[in-house]
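Biologist: I am new to this structure and should be grateful for a close look at a single part of it. Please take one residue and its surroundings, and work outward from there.

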Amino acid sequence: SRDWSSDVCSSDLNRSGDWSPQELSLALEVLPTWWQTWWARALFGLLALLALWGVVQLRTGYLRRRQQALQDMVRSRTAELESLSATLQQKSAALEESSLTDPLTGLRNRRFLTQHIEADLSLSQRRYQEARRRGQPAPTESDLIFLLLDVDHFKQINDRRGHAAGDAVLRQASVLLRSLVRQSDTVVRWGGEEFLVFARVNGRNEPGELAERICSQMAAHEFDLGQGRRLRRSCSIGFACYPFTAQRPGEPEPPSWETVVSLADQCLYAAKASGRNLWVGIQHSAPGQSLPDQSDAAAGAAQGQFVLLHSEGREV
């Protein structure tokens, strides 16, 4: 093989073996490869930026889709919860309504009266207090009436015709009662065959008129027991008004509404003891006097503090 290093060295020496003082200089230009050019570097940078932008766009798109999916999920879940809440509210309202309603007759029950009576009682008391403050007569149009009604000889219906017949009588009696009172009045299934009417009256004569109307209409009504069977039944009524006495300054609180209902019950007992198919009401004739023992209305009547009225409107 040829020794190139010996050739190069020999060419730089003369015949005597001395180095030549002349130097050979060649100008060489080494060109960069294409990927080392400025435009290639710029292109690579641009491509890197585009790649980065693309990654950012892909990531942003993914996050947006994820956010949209979460929003859709939240809206769907919210709609489900709202629907469930509305259903629960409806069921709660239905349950509350059922707890305040008698299932047989559809009338209100005692619990409803206890929950809703305070507003009417307070209004009646305020009107009486305002009249006293102004020195005006007692506003009897602010009185409230508690009227207790009992279907006469109801036990005979159950014993002789069955409980289905008794239930039919109670349902029809409740419909008749609601037709005989105002829409603003409250009819309550008080228990068994007893009903209570709670109403505002425009005078102390109105309770007797209402009781007379109910008595006469009930006695004239034919109850349909089904299968062509019909029955007539009368009723007995006792009532008392609230406030039973008009409170004066320095006097104790007037009787509570429960006491007034107890007085109405005493009147109902008197009506039944007097032969049924009639009404008995009680009024306080001396507002400045205190009440005697509420368990005996006759005692108060004997002392002249009570006025007992019956179906013919005569004092007893």
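Modeller: In this predicted model, Leu147 stands opposite Phe239 in strand S6. The two strands concerned, S1 and S6, pair in the antiparallel sense over eight bridges. S6 is mostly covered, with eight of its eight residues buried. From this strand Cys235, Ile237, Phe239 and Cys241 point one way, while Ser236, Gly238, Ala240 and Tyr242 point the other way. In a regular strand, side chains alternate between the two faces of the sheet.

Beyond its neighbours within four places in sequence, Leu147 is in contact with several residues, among them Ile237, Gly238 and Phe239. Its contacts also include Phe195, Leu196 and Val197, as well as Leu210, Ala211 and Ile214.

Helix H6 covers residues 206-220. The buried residues of H6 are Pro207, Gly208, Leu210, Ala211, Ile214, Cys215 and Met218. Because these buried residues fall within an arc of 160° when seen down the helix axis, they line one face of H6. The 15 residues of H6 should span 21 Å at 1.5 Å a residue, and its end C-alpha atoms are indeed 21 Å apart.

The wider setting is the largest nonpolar core, which has 34 residues. Leu147 is among those with the most contacts inside this core, together with Leu149, Val169, Phe195, Ile214 and Ile237. Elements giving two or more residues to the core include S1, S3, H6 and S6, but the largest share, seven residues, comes from H5. A second, separate core of 25 residues includes Phe146, Val261, Ala264 and Cys267.

Note on methods:
Residues are numbered from 1 along each chain as its sequence is written. This is a predicted model: local features need pLDDT of at least 70, side-chain atom pairs count only at pLDDT 80 or more; totals for chains, interfaces and linings use all residues. Side-chain values use heavy atoms; hydrogens and water are left out. A nonpolar core is a set of buried Ala, Val, Leu, Ile, Met, Phe, Trp, Tyr and Cys residues joined through side-chain atoms within 4.5 Å. Buried means under 20% relative accessible area, exposed over 50%, partly exposed in between (1.4 Å probe, protein chains only). Helices (H or I, at least four residues) and strands (E, at least two) are DSSP runs, numbered from the N terminus. Contact means heavy atoms within 4.5 Å. The expected span of a helix is 1.5 Å times one less than its number of residues. The arc is that of the directions from the helix axis to the C-beta atoms. Two strands pair if DSSP finds at least two bridges between them.
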